[in-house]
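Subject: Handover of the structure, with notes

Dear colleague,

I am passing the structure below on to you, followed by an account of what was found in it. Please read the notes alongside the coordinates.

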Amino acid sequence: MGISRSFILTLGTGMFCGFFSFYLLNSTVSVHPRPPQSIESHAHNHDELESAAGPMDNVAMHSSHEAHHAGEAVEAEILKDKVRVLCWVMTNPTNHQKKARHIKATWARRCNKLVFMSSEEDKELGAVALEVGEGRDHLWEKTKAAFIYIYNNHFEDADWFMKADDDTYVIVENLRYMLSPYDASHPIWFGCRFKKYVRQGYMSGGAGYVLSREALRKFVEEAIPNPKKCRPDHAGAEDVEIGKCMQNVGVKAVDSRDSLGRGRFFPFVPEHHLVPGHIGPKNWYWDWIYYPSKVGLDCCSDTAVSFHYVPPNKMYELEYFLYHLRPYGINHQDPFPPPLPPDTKSIPQKVIEQYKKDSVYTIQHSDDNTKQSRQENQGSEAKRQQTSKDGNTADVSLRRKDDKSKVVS
C-alpha cells in the first residue's frame with residue numbers, strides 16, 4: 001500500500017514543529033539560565049521555612065572564662081545596664097521546639113528580658129499563652145495582644161521593646177549601641193523602613209522593630225483603644241497596621257542606618273543582601289525600601305542589628321562567626337556615642353543637642369588620652385633607646401675586654 005501525500009505532509013509538519021519547539025526551549029534556557037542552587041536554597045517567605053528545624057540536642061557553647069573570651073564583653077555589659085532591652089518573639093506551639101528554643105539558646109540570651117508570645121504556655125521556653133488565633137491572618141491580633149501584655153507586666157523592666165519573629169537573628173549589642181544616643185521617653189521607633197501604605201513609612205515585621213517606652217505607652221493607651229487610630233479587628237498585615245497606628249499617635253519613624261548610610265535591619269539572610277543575584281532587579285524589595293540600598297558589602301553596616309528568614313542551624317553558625325571566630329590582632333574602633341544617621345529629620349532636637357555635647361566631650365577626652373598615650377609612648381621609646389645605647393656600650397666594653405684578653409694572652 002502506498003504512502004499518501006497527505007500523510008507525508010502531516011509527518012513533515014509534525015517533525016518541523018517538534019524540532020522548532022525544541023530549539024526555542026533550548027534558546028530560552030541558554031538565555032535565561034536557572035539560578036545557582038545556592039540562590040534558591042534560602043527562604044524568601046515563612047512557608048519555605050516551614051520544615052526547617054534545628055538540632056535535637058543542645059549545642060555546646062564556648063565558656064566566657066576561656067582565655068580568648070575573658071574580659072571581652074566589659075563595654076557590652078556596661079551598656080546592657082544603661083540601655084535595657086526587652087525582646088519579645090512571635091512564635092506558635094508548633095515552633096516552640098523547632099525554632100523558638102534555638103533563639104533562646106543563641107542571640108536572645110543577651111536581652112535584658114525575654115518573652116515568647118504564643119497561644120499555648122510553655123514554662124520551659126518562657127512562652128505566654130495569648131488568647132488569640134494562630135496563623136498569618138491573626139498576626140495583627142497577636143501583635144496587639146503581645147504589646148498589651150508587655151505593657152501590663154513588663155513596662156518598668158526595660159527602656160526599649162524589641163519585637164522579632166522566630167526566624168529573626170538579632171545582634172543585641174549592636175541594637176543597644178544604635179539606641180544609646182536616644183532617650184526612651186521620646187515617642188520613636190526603629191527598624192527596616194518600608195515606604196508603602198504609610199506616609200512616614202513602616203517597619204518590616206520580619207526584620208524586627210524596636211519601640212521606645214513612650215512609643216509603647218502611646219500605642220497601648222492611645223492607639224489600640226481608638227478604632228480611628230488603629231485597626232480594631234484581627235485581620236491585616238501586622239507591620240503595616242502598627243505603622244499606621246504609630247503615625248496616627250505621633251510616634252516618629254527614625255532612620256536606623258549608620259552614619260555611612262548602610263542598613264542595620266534586614267528582611268533577608270545576610271547572603272541575599274551581600275551577594276548579587278539573590279534579590280533580582282524586579283524584586284519587590286527595591287520598590288518598598290525607604291532609603292537607597294546597595295548589594296554587596298556596602299549594603300550592610302559593621303554594626304548591623306538583625307536578619308530575617310534565618311533557619312535554626314544558621315542561628316548557631318551566626319553565633320560562632322559573631323561571638324567566637326576572630327582574626328588575630330584585629331581590634332574594633334567603634335566611636336561612642338555612635339554617629340547619628342544621615343536622615344536626622346525625625347530625631348528629637350533634644351537628642352541631637354545632647355549628642356553634640358557628648359561628642360565634644362568624647363573628642364576632647366579622646367584627644368587627652370591620645371596626648372597621654374603619645375607622651376607615654378615617647379617616654380617608652382626614649383627609655384628603649386637609652387637601654388639599647390647602654391646595652392651597646394656594655395657590649396663594646398665587653399668586646400674591648402675580650403680583645404685585651406686576647407692580646408695579653
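A disulfide joins Cys87 to Cys111, with an S to S distance of 2.0 Å; please keep in mind, here and throughout, that this is a predicted model. The link of Cys87 and Cys111 is left-handed, with -90° about the S-S bond. This pair links distant parts of the chain, since Cys87 belongs to strand S1 while Cys111 sits in the loop between H4 and strand S2 (113-118), 24 residues apart. Cys87 is buried because its relative accessible area of 0% falls under the 20% limit, and Cys111, with a relative accessible area of 7%, is buried as well.

The structure holds three disulfides, and the other two can be described along the same lines. Cys230 and Cys245 form one of them, with their sulfur atoms 1.8 Å apart. The torsion about the S-S bond of Cys230 and Cys245 is about 125°, so this disulfide is right-handed. Cys230 lies in the loop between helix H7 (213-223) and helix H8 (238-248), whereas Cys245 lies in helix H8, so the pair ties together parts that are 15 residues apart in sequence. Both Cys230 and Cys245 are buried.

Cys299 and Cys300 also form a disulfide, and here the sulfur atoms are 2.1 Å apart. The torsion about the S-S bond of Cys299 and Cys300 is about -80°, so the disulfide is left-handed. Cys299 and Cys300 are both buried. When the bonded cysteines of the protein are numbered in sequence order, the pairing reads 1-2, 3-4, 5-6. As a further note on cysteines, Cys192 is buried, with a relative accessible area of 3%.

Turning to the interior, the largest nonpolar core has 58 residues, and those with the most contacts inside it are Trp107, Trp160, Leu175, Leu179, Tyr182 and Phe190. At least two residues of this core come from each of strand S1 (85-90), helix H4 (95-105), strand S4 (160-165), strand S5 (169-170), helix H6 (172-179), strand S6 (188-191), H11 and H12. H6 gives the most to this core, with five residues. For Phe190, leaving out residues up to four places away in sequence, the residues touched are Trp160, Met178, Leu179, Tyr182, Met203, Tyr209, Val210, Val254, Asp255 and Ser256. There is also a second, separate core of 34 residues, which includes Leu130, Trp140, Phe161 and Leu216.

Leu130 appears again in the surroundings of Tyr149, a residue found in helix H5 (residues 139-154). Once neighbours within four places in sequence are left aside, Tyr149 is in contact with Val115, Met117, Val128, Leu130 and His154. Tyr149 and Leu130 are 19 residues apart in sequence and 8.5 Å apart in space, taken from C-alpha to C-alpha. With a relative accessibility of 25%, Tyr149 counts as partly exposed.

Is Tyr197, which has a positive phi of about 70° although it is not a glycine, buried or exposed? At 60% relative accessibility, Tyr197 counts as exposed because the value is over 50%, and its place is in the loop between strand S7 (193-194) and strand S8 (202-203). Tyr309 has a positive phi too, near 60°, and is likewise a residue other than glycine. Tyr309 lies in the loop between strand S11 (306-307) and H11 but, at 10% relative accessibility, counts as buried.

One peptide bond also deserves a note in this backbone survey: the bond from Phe336 to Pro337 is cis, with omega near 0°. Pro337 is found in the loop between helix H11 (312-323) and helix H12 (349-408). The loop between H11 and H12 is also the place of Leu325, which is partly exposed, with a relative accessible area of 43%. Together with Tyr320 and Phe321, Leu325 makes a nonpolar surface patch of about 290 Å².

With best regards

Notes: Residues are numbered from 1 along each chain as its sequence is written. This is a predicted model: local features need pLDDT of at least 70, side-chain atom pairs count only at pLDDT 80 or more; totals for chains, interfaces and linings use all residues. Side-chain values use heavy atoms; hydrogens and water are left out. Helices (H or I, at least four residues) and strands (E, at least two) are DSSP runs, numbered from the N terminus. Buried means under 20% relative accessible area, exposed over 50%, partly exposed in between (1.4 Å probe, protein chains only). Patches are made of residues with over 30% relative accessible area and no salt bridge: like charges are joined within 9 Å, nonpolar side chains (Val, Leu, Ile, Met, Phe, Trp, Tyr) within 5 Å. Accessible areas come from the Shrake-Rupley method with a 1.4 Å probe; for residues, only the protein chains shown count as cover. A salt bridge is a side-chain nitrogen of Lys or Arg within 4 Å of a carboxyl oxygen of Asp or Glu. A nonpolar core is a set of buried Ala, Val, Leu, Ile, Met, Phe, Trp, Tyr and Cys residues joined through side-chain atoms within 4.5 Å. Contact means heavy atoms within 4.5 Å. A disulfide is a pair of cysteine sulfur atoms within 2.5 Å.
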